[in-house]
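Please look through the structure below before reading on. The report that follows takes up a few of its helices and the side chains that link them.

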Amino acid sequence: MFGDFLKTLLQPEPAPLADTDARLALAALLVRVARADGRYDPEEADRIAKVLSTRYGLSPFEASKLRGDAEQLEAEAPDTVRFTRAIKDAVPYEERISVIEGLWSVVLADGERDEHEDALLRLVANLLGIKDQDSAKARQRVAAKS
């Protein structure tokens, strides 16, 4: 279903993504982080929909649909390194910082910090070109809101 999209995203020099494609790619990254601990809890799925709704001004229905599409894309996407680097090349830095906040929001949604989720988030932040300090600040901002 997402084959052409993934081919475009994974080209050696991808063009900046259209807004709808960037939304889908970033939503898939949220799903990947949520699944990192081998579970995909309802709290995490709900948090992803909330992050998407807030970030993109979507209705609950639109956010749930985007999350569903992202779940399918995530299942078809290549390894995290290639997928995340492709997003880095196609998405402006400012948007990547807010994505890290969204990722931390998902990781913290179930009230537990799993070592697999933490490790994946450190990798993803690095691959997105986000400094550890900026990722830690993003986590603290998210934790303060909870």
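Are R32 and E74 buried or exposed? Both R32 and E74 are buried. The model is a predicted one, and this should be kept in mind throughout the report.

## A buried pair between two helices

R32 and E74 form a salt bridge, in which the closest N and O atoms are 2.9 Å apart. Because R32 lies in helix α2 and E74 in helix α4 (residues 60–76), the pair ties together parts that are 42 residues apart in sequence. Side chains of opposite charge can pair when their charged atoms come close.

## Helix α2 and its contact with α7

Helix α2 (residues 19–34) consists of 16 residues, and the distance from its first C-alpha to its last is 23 Å, close to the 22 Å expected at 1.5 Å a residue. Of these 16 residues, 13 are buried, so α2 is largely enclosed by the rest of the structure.

The axes of α2 and α7 are 9 Å apart, and the two helices pack at an angle of about 145°. On the α2 side the contact is made by L29, R32, V33 and A34, while α7 contributes E117, L120, L121 and V124. Sorted by kind, the residues of this contact of α2 with α7 are six nonpolar, no polar and two charged.

## L121, a residue of α7

L121 is found in helix α7, and with a relative accessible area of 0% it counts as buried, because the limit for that word is under 20%. When its neighbours within four places in sequence are left aside, L121 is in contact with V33, L103, W104 and V107. One of these partners, L103, is 18 residues away from L121 along the chain, and the C-alpha atoms of the two are separated by 7.4 Å.

## Helix α8 and its two sides

Helix α8 (residues 132–145) has 14 residues, which should span 20 Å at 1.5 Å a residue, and its end C-alpha atoms are indeed 20 Å apart, so expectation and model agree. Within α8, the residues S135, A138 and V142 are buried. They cover an arc of only 60° around the axis, which means that they lie on the same side of α8. An α-helix has 3.6 residues a turn, so residues three or four places apart point the same way.

The buried residues of α8 pack against α6 (93–107) and α7 (115–127). On the other side of α8, Q133 and A144 are exposed.

## Other salt bridges

The structure holds 10 salt bridges, and a few more of them are described here. D69 forms one with K65, with 3.1 Å between the closest N and O atoms. D69 and K65 both lie in helix α4, where they are four residues apart, about one turn of the helix. K65 has a relative accessibility of 47%, and therefore counts as partly exposed.

In another salt bridge the side chains of R141 and E101 meet, at 2.6 Å from N to O. This pair links distant parts of the chain, since R141 is in helix α8 and E101 in helix α6, 40 residues apart. R141, at 37% relative accessibility, counts as partly exposed. Finally, salt bridges that share partners join D37, R39, D41 and D110 into one network.

Notes: Residues numbered from 1 in each chain as written. Predicted model: local features only at pLDDT ≥ 70, side-chain atom pairs only at ≥ 80, totals over all residues. Heavy atoms only, no water. Expected span 1.5 Å × (residues − 1). Buried < 20%, exposed > 50% of the residue type's maximum accessible area, 1.4 Å probe, protein only. Arc of directions from axis to C-beta. Contact = heavy atoms within 4.5 Å. Axes fitted to C-alpha atoms, helices over the stretch in contact; angles between N-to-C directions. Nonpolar A, V, L, I, M, F, W, Y, C, P; charged D, E, K, R; others polar. Salt bridge = Lys/Arg side-chain N within 4 Å of Asp/Glu carboxyl O.
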